[in-house]
Amino acid sequence: MDYLDQLEAEAIAILREVAGQFEKPALLFSGGKDSITLVRLAEKAFRPGKFPFPLVHIDTGHNFPETIEFRDKLVARLGEKLVVGYVQDSIDQGKVIEQTGKNASRNALQTVTLLDTIAAGGYDACIGGARRDEEKARAKERIFSVRDEFGQWDSKRQRPELWNIYNGKIHKGENVRVFPISNWTELDVWNYIKRENIDLPSVYFAHERDCILRNGQWMAASEYMNMDEEDVVVRKNVRFRTVGDMTCTAAVESDKTDIDDIIEEIAKSKISERGARMDDKVSEAAMEDRKKGGYF
């Protein structure tokens with residue numbers, strides 16, 4: 001077995017462990033490369049049967065259009081159930097207040113929508129594509145990460161996972177966040193995508209796009225950005241290493257349209273893919289603070 005075979009086998013075993021230990025799991029699907037990789041792993045784990053869980057997407061309403069289009073086509077091909085929680089519904093219900101100002105984003109607001117969607121679906125395990133190499137708070141997570149009845153994460157309440165034994169026992173109201181590709185790196189994901197010939201949204205590949213320079217990074221110029229006279233729209237060749245809310249996901253200048261060239265580009269990069277996420281730069285502990293509040 002090469003290293004991709006080993007990573008694949010571990011992830012498939014984790015997915016099957018979730019199916020065996022939990023009553024109502026769900027796979028959180030963002031339309032990004034990591035969750036798309038999870039879908040391929042789920043196909044290998046459970047086909048020719050149906051997935052033992054729905055795909056759940058928390059839609060901020062400010063997503064890249066290419067991502068939503070890709071999501072819908074993928075779900076149609078899979079023939080699996082898609083559950084969508086809308087941040088706009090949380091805003092309309094007065095559960096969250098939309099941010100104002102130049103750097104306003106809905107990204108932080110999706111935590112409330114996520115927790116409401118988990119409660120409404122009665123999901124006791126939520127599978128996601130977070131990886132330890134992305135960010136230091138995510139490096140603290142176990143593969144089975146228990147959340148309390150309020151969806152909160154306590155870094156000190158981590159269970160040992162010796163010999164890859166996963167403990168999914170929870171009390172009523174709690175849930176477990178599960179990370180089957182926690183041990184993968186960004187390069188591992190891209191090499192797996194290449195090996196499996198997995199389709200991705202076009203934003204991952206270099207393309208021309210109207211951009212504005214915001215806080216030293218190129219952001220997609222869209223109707224969701226609160227632009228003023230200081231923002232100059234420039235046509236740039238860019239691609240995105242990570243796909244999230246358009247208001248907090250920065251692009252990287254690139255002319256790479258071939259997967260081999262992208263892999264080479266990533267290998268030479270000196271910053272992580274989360275380095276292009278503005279929401280991670282609010283404070284030194286931005287991600288950990290959000291996770292403590294219920295963020296995935």
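A residue is called buried when its relative accessible area is under 20%, exposed when that area is over 50%, and partly exposed in between. The structure described here is a predicted model, and under that convention R195, with a relative accessible area of 32%, is partly exposed. R195 takes part in a salt bridge with E8, in which the closest N and O atoms are 3.3 Å apart. This pair links distant parts of the chain, since E8 belongs to helix 1 and R195 to helix 6, 187 residues apart. E8, in contrast to its partner, counts as buried because its relative accessibility is 11%.

The two helices joined by this salt bridge also meet through other residues. Their axes come within 11 Å and cross at roughly 95°, and helix 1 and helix 6 are therefore roughly perpendicular to each other. On the side of helix 1 the contact involves Y3, L4, D5, L7 and E8, which meet D188, N191, Y192, R195 and E196 of helix 6. Helix 6 itself spans residues 186–196, and its buried residues are E186, D188, V189, W190, Y192, I193 and E196. These buried residues pack against helix 1 (3–21) and helix 2 (33–46), as well as against strand 9 (234–239) and helix 7 (259–268). Directly after helix 6 comes N197, a residue with a positive phi near 55°.

Helix 2, one of the elements against which helix 6 packs, has a further helical partner in helix 3 (residues 65–78), the two packing at an angle of about 5° with their axes 12 Å apart. Angles under 35 degrees count as roughly parallel, and helix 2 is therefore roughly parallel to helix 3. The contact between them is formed by I36, V39 and E43 from helix 2, together with F70, L74, R77 and L78 from helix 3. Beyond helix 2, in the loop that leads to strand 2 (55–59), lies P48, and the peptide bond from R47 to P48 is cis, with omega near 15°.

In total, 31 salt bridges are counted in the model. One of them joins the side chains of D34 and R131, with an N to O distance of 2.9 Å. Because D34 lies in helix 2 and R131 in the loop between strand 4 (125–127) and strand 5, the pair ties together parts that are 97 residues apart in sequence. Both partners are buried, D34 at 11% relative accessibility and R131 at 0%. Another salt bridge is formed by E253 with K236, the closest N and O atoms being 3.0 Å apart. Here E253 is in strand 10 (residues 250–253) and K236 in strand 9, so that the pair links parts of the chain 17 residues apart. K236 is buried, with a relative accessible area of 18%. Salt bridges that share partners also join D2, D5, E8, R40, E43, K44, R77, R195 and E196 into one network.

R131 appears again in the surroundings of S182, a residue that, leaving aside its neighbours within four places in sequence, is in contact with A130, R131, R132 and I143. S182 is placed in the loop between strand 6 and helix 6 and is buried, its relative accessible area being 3%.

The loop between strand 5 (144–147) and strand 6 (175–178) holds I165, and W163 is placed in that loop as well. I165 counts as exposed at 55% relative accessibility, and W163 likewise counts as exposed, at 75%. Together with L162, W163 and I165 make a nonpolar surface patch of about 430 Å². The backbone of W163 has a phi near 55°, a positive value in a residue other than glycine. A positive phi near 55° is also found at N215, again a residue other than glycine. N215 is situated in the loop between strand 7 (207–214) and strand 8 (217–220), where its relative accessible area of 53% makes it exposed.

Two residues of helix 5 may be considered last. G121 is found in this helix, which comprises residues 110–121, and is buried, with a relative accessible area of 11%. G121 and V83 are 38 residues apart in sequence, and their C-alpha atoms are 9.1 Å apart in space. D116 also lies in helix 5, but counts as partly exposed at 31% relative accessibility. Between D116 and E229, which are 113 residues apart along the chain, the C-alpha separation is 38 Å.

Definitions and conventions
Residues numbered from 1 in each chain as written. Predicted model: local features only at pLDDT ≥ 70, side-chain atom pairs only at ≥ 80, totals over all residues. Heavy atoms only, no water. Buried < 20%, exposed > 50% of the residue type's maximum accessible area, 1.4 Å probe, protein only. Helix = DSSP H or I, 4+ residues; strand = E, 2+ residues; numbered from the N terminus. Contact = heavy atoms within 4.5 Å. Patch = residues over 30% accessible without salt bridge, like charges linked within 9 Å, V, L, I, M, F, W, Y side chains within 5 Å. Areas by Shrake-Rupley, 256 points an atom, 1.4 Å probe, with all protein chains shown as cover. Salt bridge = Lys/Arg side-chain N within 4 Å of Asp/Glu carboxyl O. Axes fitted to C-alpha atoms, helices over the stretch in contact; angles between N-to-C directions. Parallel < 35°, antiparallel > 145°, perpendicular 65-115°, else oblique.
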